[in-house]
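Trainee: I am new to this structure and should like to learn the grounds for the terms applied to it. May we go through them in turn?

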Amino acid sequence: MLVLAFDTATPAVTAALHDGTRVLAESTTVDARRHGELLAPAIEAVLAESGASLGEVTAVVAGAGPGPYTGLRVGLITARALGATLGVPVFGICTLDALAYATESADPFVVVTDARRKELFWARYGDARTRVDGPRVARPHDVPDGLPIVGVRLYEEIVGEVSGPEHPSAGALAAFAAERLAGLTPEQALAVARLPEGRIDSEEAAQGRGVLGPAVPIYLRRPDAQIPGAPKKVTA
């Protein structure tokens, strides 16, 4: 097993390589405006550091969000392109799940990331591997309280103290994927990667749809762009 994982759903552009036992190499740069420029060099860097070639990769995993549209699509489109080129399965994992997994917590907590528009993406976990609610998008005041919070520290004055990793780690993403792939036969893994494509909206995402799924973006908002209506009549 050689899993190439990366995430571009937050300001962090992060990539890692995992051999099924450990993370061989990882690269992370925080820059919200250069996802498209930074991802390919990050992938090249982890391959070079590990001494592996792209042709040795057996699976590609991308953070599926939720996240801002442009950055999120960079990672998912790159994952699909690499999978098609290499002839290997491509998977998506909720970015909040990767953040949760990195905590290694055995206790309940909430993960938050920046949703812009003065909102947060959030999900609640029973432990580092178990999402029990979300992902959802809400104003900071509406994020569940009474539990430790992990992730972005934008609204601590509202949600309370935030600890743990602020951005996802591709090393955690790769390790989580490798752990789940180890429990699947090759046929089962291919079946997961080939699930019907399409939008994963908030209702489907809240129902789980599996930690390991197809490389499909998780959108929690409707698109900003709308089909224009009929032109208004001009009167004299």
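Mentor: Let us begin with a definition: a strand is a DSSP run of E with at least two residues, and strands are numbered from the N terminus. Please note also that this is a predicted model.

Trainee: Where, in those terms, is the place of Pro 135?

Mentor: Pro 135 falls within strand 8, which covers residues 130-138. The peptide bond that leads from Gly 134 to Pro 135 is cis, with omega near 10°.

Trainee: What is the form of the peptide bond from Gly 65 to Pro 66, cis or trans?

Mentor: That bond is cis, with omega near 10°. Pro 66 belongs to the loop between strand 4 (59-63) and helix 2 (69-86).

Trainee: Why are strand 2 and strand 3 said to pair?

Mentor: Pairing requires at least two bridges found by DSSP. Strand 2 (residues 12-18) and strand 3 (residues 23-30) have seven bridges in the antiparallel sense, so they count as paired. One partnership joins Leu 17 to Ala 25 in strand 3. The two strands form a hairpin with four residues between them, and Gly 20 in the turn has a positive phi of about 95°.

Trainee: What makes Lys 118 count as exposed?

Mentor: Exposed means over 50% relative accessible area. Lys 118 has 61%, and therefore counts as exposed.

Trainee: Why is Arg 117 called partly exposed?

Mentor: Its relative accessible area is 45%. Because partly exposed covers the range between under 20% and over 50%, Arg 117 receives that term. Arg 117 is in the loop between strand 6 (109-116) and strand 7 (119-127), and has a positive phi of about 55° although it is not a glycine.

Conventions. Residues are numbered from 1 along each chain as its sequence is written. This is a predicted model: local features need pLDDT of at least 70, side-chain atom pairs count only at pLDDT 80 or more; totals for chains, interfaces and linings use all residues. Side-chain values use heavy atoms; hydrogens and water are left out. Buried means under 20% relative accessible area, exposed over 50%, partly exposed in between (1.4 Å probe, protein chains only).
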